[in-house]
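User: I'd like to go through this model with you and ask what stands behind each label. Could we start with the terms and then turn to the residues?

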Amino acid sequence: MAFAIMELTDAAAERIREIIEDSDKPVSGVRVGVKNAGCAGMAYTLDYVEEAVEGDDHISDKGVEVWIEPKATLFLLGTVMDFEETRMTSGFTFNNPNQEGACGCGESVQLKPADLADIARARAEATA
């Protein structure tokens, strides 16, 4: 099994497939990252990927392609990306073991970096 920074639920994979199919331009997947934002400190980002960015981590899960910005890897290790729809909203959610808090409005999160030793062990086990 290949090392994977994060996993997708069936709902997230299905929504990514819909995004790719509905795009006006050729899209091969999505790119997940984090940026400094909001009152809690960070926010998740999600962009179309037309061409892979060299240096990004890459996962292929449930038939979709996801690239992860290198600076986000430490904050996303072990994350499960989902897509949820309620009566009021719909969107991607991130069940992230590195999340320490969130702002009241839900726009930003407080993340701690994962342990580098955990990443090294996970990569070593994946290649063993």
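Analyst: Happy to! Let's begin with burial: a residue is called buried under 20% relative accessible area, exposed over 50%, and partly exposed in between. Please keep in mind that this is a predicted model.

User: Good. Why is Lys-62 called partly exposed?

Analyst: Lys-62 has a relative accessible area of 37%. Partly exposed covers the range between 20% and 50%, so Lys-62 with its 37% gets that label.

User: And why does Asp-61 count as buried?

Analyst: The relative accessibility of Asp-61 is 17%. The cut-off for buried is under 20%, therefore Asp-61 at 17% counts as buried.

User: What makes Lys-62 and Asp-61 a salt bridge?

Analyst: A side-chain nitrogen of Lys or Arg has to come within 4 Å of a carboxyl oxygen of Asp or Glu. For Lys-62 and Asp-61 the N to O distance is 3.5 Å, so the pair meets the criterion.

User: What is notable about the phi of Lys-62?

Analyst: Its phi is positive, about 55°, although Lys-62 is not a glycine. Most residues other than glycine have a negative phi. As for its place in the chain, Lys-62 lies in the loop between β4 and β5.

User: How do you know that β4 and β5 pair?

Analyst: At least two bridges between two strands are needed. Strand β4 (residues 57-61) and strand β5 (residues 64-68) have 5 bridges, in the antiparallel sense, so they pass. One of the bridge partnerships joins Ser-60 to Glu-65 in β5. The two strands form a hairpin with 2 residues between them.

User: Which residues of β4 are on its covered face, and which on the uncovered one?

Analyst: Asp-57, Ile-59 and Asp-61 make up the covered face, while His-58 and Ser-60 are on the uncovered one.

User: On to the rings. What makes Tyr-44 and Phe-94 a stacked pair?

Analyst: A pair of aromatic rings is described by the distance of the centres and the angle of the planes. Centres must lie within 6.5 Å, and planes under 30 degrees apart count as stacked. Tyr-44 and Phe-94 have 4.1 Å centre to centre and 20° between the planes, so both conditions are met. The partners come from distant parts of the chain, 50 residues apart: Tyr-44 is in strand β3 (residues 41-49) and Phe-94 in strand β7 (residues 90-95). Phe-94 is buried, with a relative accessible area of 14%.

User: Why is the pair of Phe-83 and Phe-92 called edge-to-face?

Analyst: Here the centres are 5.2 Å apart and the planes stand at 65°. Planes over 60 degrees apart count as edge-to-face, so Phe-83 and Phe-92 get that name. Phe-83 is buried too, at 15% relative accessibility. The count of aromatic pairs comes to 2.

User: How do you know that Arg-31 has salt bridges with both Asp-56 and Glu-69?

Analyst: The limit is 4 Å between nitrogen and oxygen. The closest N and O atoms are 2.6 Å apart for Asp-56 and Arg-31, and 3.6 Å apart for Arg-31 and Glu-69, so each pair qualifies. Through shared partners, Arg-31, Asp-56 and Glu-69 are joined into one network. Asp-56 and Arg-31 are buried, and so is Glu-69. The whole structure has 6 salt bridges.

User: Why do you say that Asp-56 and Arg-31 tie together separate parts?

Analyst: Asp-56 lies in the loop between β3 and β4, whereas Arg-31 is in strand β2 (residues 29-37), so the pair ties together parts 25 residues apart in sequence. Arg-31 and Glu-69 are 38 residues apart, with Glu-69 in the loop between β5 and α2.

User: Which residues touch the most other members of the largest nonpolar core?

Analyst: They are Met-6, Leu-8, Val-66, Leu-76 and Met-81, in a core of 21 residues. The elements giving two or more residues to this core are β1, α1, β2, β3, β5 and α2. Beyond its neighbours within four places in sequence, Met-6 is in contact with residues including Val-32, Ile-59, Leu-76 and Phe-94.

User: And how many helices and strands are there overall?

Analyst: There are 3 helices and 9 strands. Of the 128 residues, 40% count as buried.

Definitions and conventions: Residues are numbered from 1 along each chain as its sequence is written. This is a predicted model: local features need pLDDT of at least 70, side-chain atom pairs count only at pLDDT 80 or more; totals for chains, interfaces and linings use all residues. Side-chain values use heavy atoms; hydrogens and water are left out. Rings of Phe, Tyr and Trp (its six-membered ring) pair if their centres lie within 6.5 Å; planes under 30 degrees apart count as stacked, over 60 as edge-to-face and the rest as tilted. Helices (H or I, at least four residues) and strands (E, at least two) are DSSP runs, numbered from the N terminus. Buried means under 20% relative accessible area, exposed over 50%, partly exposed in between (1.4 Å probe, protein chains only). A nonpolar core is a set of buried Ala, Val, Leu, Ile, Met, Phe, Trp, Tyr and Cys residues joined through side-chain atoms within 4.5 Å. Contact means heavy atoms within 4.5 Å.
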